[in-house]
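Biologist: Could you walk me through this one? I'd like to hear the reasoning behind each label you use.

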Amino acid sequence: MSGLIVHEWLSPAGGSENVFEAIARVFPDAERWCLWNDAGERFQPVHETLLARTPLKGRKALALPFMPSVWRHLPAREADWVLTSSHLFAHHARFAGTARDVPKLVYTHTPARYIWVPELDGRGDSLPARALSRVLKPLDRKRAQEPVAIAANSRFIAERVADAWEREAEVIYPPVAVAEFGQEPELTAAEQDRLDALPESFILGFSRFVPYKRLDAAIAAGRASGLPVVLAGSGPDEERLRAIAEETYPGAVTFVHHPSTPLLTAILQRASALVFAPIEDFGIIPVEAMAAGTPVLANAVGGAVESVLDGVTGAHVHDWESPAELQAAVSKALGSSADACRARATDFGEDVFAREIEGFVARNAR
């Protein structure tokens with residue numbers, strides 16, 4: 001059977017892009033579509049919509065009001081099924097020609113957060129955004145009735161699908177390159193020097209330095225447990241994080257900027273525990289940490305609670321403001337075995353995703 005794979009816009013890097021790439025590997029003969037492609041050759045060949053030929057290309061906020069209409073006016077195609085990878089409006093996609101009436105399937109990373117859960121996404125918390133969301137909610141729910149089946153990237157998101165779209169969704173967790181994080185990385189001499197300069201054991205926070213990632217929770221966990229802290233990444237929140245570190249845990253926090261994948265792997269393998277405090281739809285980083293044999297302190301709300309097993313591969317934290325709970329969570333996490341962490345990570349491997357997404361299409365595209 002021939003198919004069409006649809007995604008939102010394509011960026012050079014990102015979790016949803018990794019899923020799109022994995023889907024394309026499973027269905028190599030399927031034609032690929034996106035609003036616009038900013039990822040160079042990574043996903044080629046890929047077709048772009050008419051937005052890619054306008055000044056709105058790459059300007060997501062300005063282009064947003066036009067996206068629903070653009071997705072409804074895709075060109076004529078012949079196909080047996082359409083599979084959309086959606087975190088905004090890609091599930092609205094409708095082709096002309098024979099592809100218009102074929103089964104449409106949706107893999108959703110989330111119903112649009114800044115429309116349905118603006119409290120979790122600052123982009124939807126302004127008055128204009130809230131006004132727009134009132135218009136878009138009924139349309140988005142209407143379009144979500146078209147797919148013959150929906151898969152969500154976690155139980156957390158399946159519940160959001162039920163609330164927002166009033167649809168049931170099966171769960172297919174996104175693919176994680178777990179094998180890479182279990183291998184000994186090849187470091188350059190400079191990277192080895194950076195690794196050697198770190199403490200022998202430490203609490204790790206890793207992500208972009210932006211407020212909603214809550215890297216300050218790693219500092220708090222380190223302080224509560226008496227362990228040094230390493231923050232790896234970069235971003236606009238660094239100045240605030242440095243101020244917090246200096247005020248609350250002076251001399252105990254080390255920043256590692258822009259670690260390469262090999263260096264990050266080595267840091268994950270050395271860390272005593274990873275702190276993952278944001279409320280995420282799924283959360284790839286905790287699985288990468290477990291693949292490296294490292295336990296995780298995960299937020300008790302959100303997708304990470306589904307991958308991190310409390311008391312087995314880490315600990316679930318309910319109150320990040322409580323030093324006593326953080327101290328107990330670190331102690332619980334340190335009691336986890338590296339083998340248990342690595343074993344759990346394999347449940348989210350790329351081979352598992354490939355098998356499950358292939359079965360999802362085969363069952364529903366008849």
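Modeller: Sure. This is a predicted model, and its largest nonpolar core has 40 residues. Met-67 and Trp-71 have the most contacts inside that core.

Biologist: Which elements supply at least two residues of this core each?

Modeller: Strand S1 (3-7), helix H3 (67-71), helix H4 (113-116), S8 and helix H6 (155-165) each do. The largest share, 6 residues, comes from H6. Apart from this core lies another, of 34 residues, including Val-178, Leu-195, Met-290 and Val-296.

Biologist: What does Trp-71 touch, leaving out residues up to four places away in sequence?

Modeller: Its contacts include Val-6, Cys-34, Leu-35, Phe-89 and Ala-93, and also His-7, Glu-8 and Arg-94.

Biologist: And what about Leu-50: why is it called partly exposed?

Modeller: Leu-50 has a relative accessible area of 43%. Buried would need under 20% and exposed over 50%, so Leu-50 falls in between and counts as partly exposed. Leu-50 sits in the loop between S3 and helix H2 (60-63). Its C-alpha atom is separated by 9.8 Å from that of Trp-71, 21 residues apart along the chain.

Biologist: On to the sheet. In what order do its strands come?

Modeller: There are 7 strands in an open sheet, ordered S3-S2-S1-S5-S7-S8-S9, with parallel pairing.

Biologist: What makes strand S3 (47-48) and strand S9 (170-171) edge strands?

Modeller: Each of those two pairs on one side only.

Biologist: How do you know that S7 pairs with S5 and with S8?

Modeller: Two strands pair if there are at least two bridges between them. S5 and S7 run parallel and are joined by 5 bridges, while strand S7 (residues 104-108) and strand S8 (residues 149-152) have 4 bridges, in the parallel sense. Both numbers meet the cut-off, so both count as pairs. To pick out some residues, Leu-83 has Leu-105 in S7 as its bridge partner, and Val-106 stands opposite Ile-150 in S8.

Biologist: Why do you say S7 is largely enclosed by the rest of the structure?

Modeller: Because 5 of the 5 residues of S7 are buried. Both faces are covered, with Lys-104, Val-106 and Thr-108 on one side and Leu-105 and Tyr-107 on the other. Helix H16 (residues 350-364) lies across strand S5 (81-86), S7, S8 and S9, at about 150 degrees to S7.

Biologist: Now a helix pair. Why are H9 and H14 called roughly perpendicular?

Modeller: The axes of helix H9 (residues 216-225) and helix H14 (residues 323-334) cross at roughly 80 degrees and come within 8 Å. Roughly perpendicular covers 65 to 115 degrees, and the angle for H9 and H14 fits, so they get that name. Ala-220, Ala-221, Ala-224 and Ser-225 in H9 meet Pro-323, Leu-326, Gln-327 and Val-330 in H14. That contact has 6 nonpolar, 2 polar and no charged residues.

Biologist: Last stop, H12. What makes you say that H12 is mostly covered?

Modeller: 7 of the 8 residues of H12 are buried, namely Ile-285, Pro-286, Val-287, Glu-288, Ala-289, Met-290 and Ala-291. Just after H12, Gly-293 takes a positive phi of about 90 degrees. H12 (284-291) is also among the elements covering the buried residues of H11. Those buried residues of helix H11 (residues 261-270) are Leu-263, Leu-264, Thr-265, Ala-266, Ile-267 and Leu-268.

Methods: Residues are numbered from 1 along each chain as its sequence is written. This is a predicted model: local features need pLDDT of at least 70, side-chain atom pairs count only at pLDDT 80 or more; totals for chains, interfaces and linings use all residues. Side-chain values use heavy atoms; hydrogens and water are left out. Buried means under 20% relative accessible area, exposed over 50%, partly exposed in between (1.4 Å probe, protein chains only). Contact means heavy atoms within 4.5 Å. Axes are lines fitted to C-alpha atoms, for helices over the stretch in contact, and angles run from 0 to 180 degrees between N-to-C directions. A nonpolar core is a set of buried Ala, Val, Leu, Ile, Met, Phe, Trp, Tyr and Cys residues joined through side-chain atoms within 4.5 Å. Angles under 35 degrees count as roughly parallel, over 145 as roughly antiparallel, 65 to 115 as roughly perpendicular and the rest as oblique. Ala, Val, Leu, Ile, Met, Phe, Trp, Tyr, Cys and Pro count as nonpolar, Asp, Glu, Lys and Arg as charged, and the others, Gly among them, as polar.
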